[in-house]
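Q: Please take a close look at the nonpolar interior of this model, and then work outward to the surface and to any unusual backbone. A connected account is preferred to a list.

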Amino acid sequence: NSSFFSLLSFSVPTFVSAAISLAMILLMSHWLPAGDYAKVNLFYDYGMLVSLLCLLGTDGAYLRFFFSGESNKQARWLFSSALLTGLTVLCFCAIVVFVVYRREILADLFSANNIFLFCLFLYTVALIVFRLTSSTARLESDVKRYSFIQISYLLINRFLFCLPLLIFGGFESGIVFMTLAMLLLSGVALISEPKPVIYLKECHHDIPYLKVLKYGLPGLLLGVLLNLINAIDKTFIITFCDAESAGIFSMGIVIASMFSFISGAFSTYWSVYVYSHYEQQQKMIQLMHDFVMLISVLFMVVIFVFQDLIYALIGVEYKSSQSFFLLLMLWPIQAFVSETTAYGINLSNKTYFNFVASLIALLINVVGCLVLVRSCGVAGVAISFGVSGVVLLILRTVFAQNFYRMVASPLRSALSLLFLIGISLVNLFGVGTPIERFAIVLIVLCVLFLAYFKQIFLFKTYFQKVFQRSHE
């Protein structure tokens, strides 16, 4: 009961995120030029990518070892170490980039204007602080502070940045606004951190800094993978197609990420639950995996059937993303499903398996883009994007099962994954009449009912107990 309602309480930002994404789609797809949107979106991708790289995985170690210490000092030392690591590495990289690669980066991203490279540096500082302060609020179950930080971040980076573009014109105004607003938010979040904010005394011997790096570094590639692939794919599109095509691809990702309001609401609480209960609640964790797989397929089915209603709201310039947006949706789905399959890697502290899986997925994406972007354009990049997400899910699941079994029936889960891939490919290749869609959906639903017959009744029993307790 407490697990269920804790999940709901931490889900507020994710539902707000869905509302913001919908508002952004309605506003931006009609009035914002695809080229300007692509450049602002790429600025965000590079900022997020650099912030994650500079943290060297210490943010993941902060989450993993937060509950390991006997006092608040251990947690504050982990926070301080991660923050100083991120800022130190960022400063070093900024000096190297400014001296060696300044002209190339400015030419590609910011039209040879130095101020925007400085904006990228400040924006990355703000993102490092945001990521760590948000983790603190989440780990301490401070729902109000977590919701404030997350909702403010979402408003700044997904909606409000477009207002300066519409008022003043040009992507530059959006970049400056995002930078200043994120600096303000990160400053407020840092002030609200538990005291002392910075703590570097001798308690760190309980978890040496080398152990933090040993845990965090192998998982670094996984942490940055989505941002890295986003940046790579959009760069491929801009290089071999044009900025407008990159904007269409970016809008497709935004539409596909509407699924993330489910996965975000779930993962916010679920990671803490698994770390706290994996020894006593394995059956419950396996049941949750089946529930997540079923929900994922059902959501994909609903979007497949009603996609015309969604795209009726989209501006004409962005409508061409309809054929491939379900392929883009495979990434948020794999992130959702991985929450119920891949924790065996982290629990065993063998995070180098995450590195191996991420590297293979990255290579598949890059090779796929190189092969397909010239012949298939944006759709080819979307295929590479979706395939890399599926490969990452399969590899992490297989590796993790060797250490902690979260999947009770691999065959049932594989069947569900095939449905997800099949529906996205059917949509890509143009099975589009309502009768054909409903026929496909009917077949999928019948097979799902047979495959998950027992689990459906177990889900029903569990939720009945939850709501009965809530009224006692």
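A: The model is a predicted one. Its largest nonpolar core has 137 residues, and those with the most contacts inside this core are Tyr153, Met182, Phe249, Trp270, Phe324 and Met329. Helix H14, residues 282-311, supplies the largest share of the core, 15 residues. In soluble globular proteins, nonpolar side chains tend to be buried together.

For a single buried position, take isoleucine 255. This residue belongs to helix H12, which covers residues 243-256. Its relative accessibility is 4%, so isoleucine 255 counts as buried, the limit for that class being under 20%. Once neighbours within four places in sequence are left aside, the contacts of isoleucine 255 are Ile25, Ile310, Tyr311, Ile314, Ser321 and Phe325. One of these, tyrosine 311, is 56 residues away from isoleucine 255 in sequence, while the C-alpha to C-alpha distance between the two is 9.4 Å.

Two cysteines can be added to the buried positions. Cysteine 119 has a relative accessible area of 7% and is therefore buried. Cysteine 369 is at 0% relative accessibility and also counts as buried. As for disulfides, the count comes to zero, because no pair of cysteine sulfur atoms meets the 2.5 Å limit.

On the surface, Tyr352, Phe355, Val356, Leu359, Ile360, Leu363, Ile364 and Val387 make a nonpolar patch of about 620 Å². Helix H17, residues 352-376, gives the largest share of that patch, seven residues. Isoleucine 364 lies in this helix, H17. With a relative accessible area of 30%, isoleucine 364 is classed as partly exposed, since that class runs between the 20% and 50% limits.

The backbone has two points to note, both in loops. Most residues other than glycine have a negative phi, and most peptide bonds are trans. Leucine 56 has a positive phi, near 55°, although this residue is not glycine. Leucine 56 sits in the loop that joins helix H3 (34-55) to helix H4 (58-65). Its relative accessible area of 23% makes leucine 56 partly exposed. The other point is the peptide bond from lysine 195 to proline 196, which is cis, with omega near -5°. Proline 196 is in the loop between helix H9 (171-191) and helix H10 (209-216).

Technical notes
Residues are numbered from 1 along each chain as its sequence is written. This is a predicted model: local features need pLDDT of at least 70, side-chain atom pairs count only at pLDDT 80 or more; totals for chains, interfaces and linings use all residues. Side-chain values use heavy atoms; hydrogens and water are left out. Helices (H or I, at least four residues) and strands (E, at least two) are DSSP runs, numbered from the N terminus. Buried means under 20% relative accessible area, exposed over 50%, partly exposed in between (1.4 Å probe, protein chains only). Contact means heavy atoms within 4.5 Å. Patches are made of residues with over 30% relative accessible area and no salt bridge: like charges are joined within 9 Å, nonpolar side chains (Val, Leu, Ile, Met, Phe, Trp, Tyr) within 5 Å. Accessible areas come from the Shrake-Rupley method with a 1.4 Å probe; for residues, only the protein chains shown count as cover. A salt bridge is a side-chain nitrogen of Lys or Arg within 4 Å of a carboxyl oxygen of Asp or Glu. A nonpolar core is a set of buried Ala, Val, Leu, Ile, Met, Phe, Trp, Tyr and Cys residues joined through side-chain atoms within 4.5 Å.
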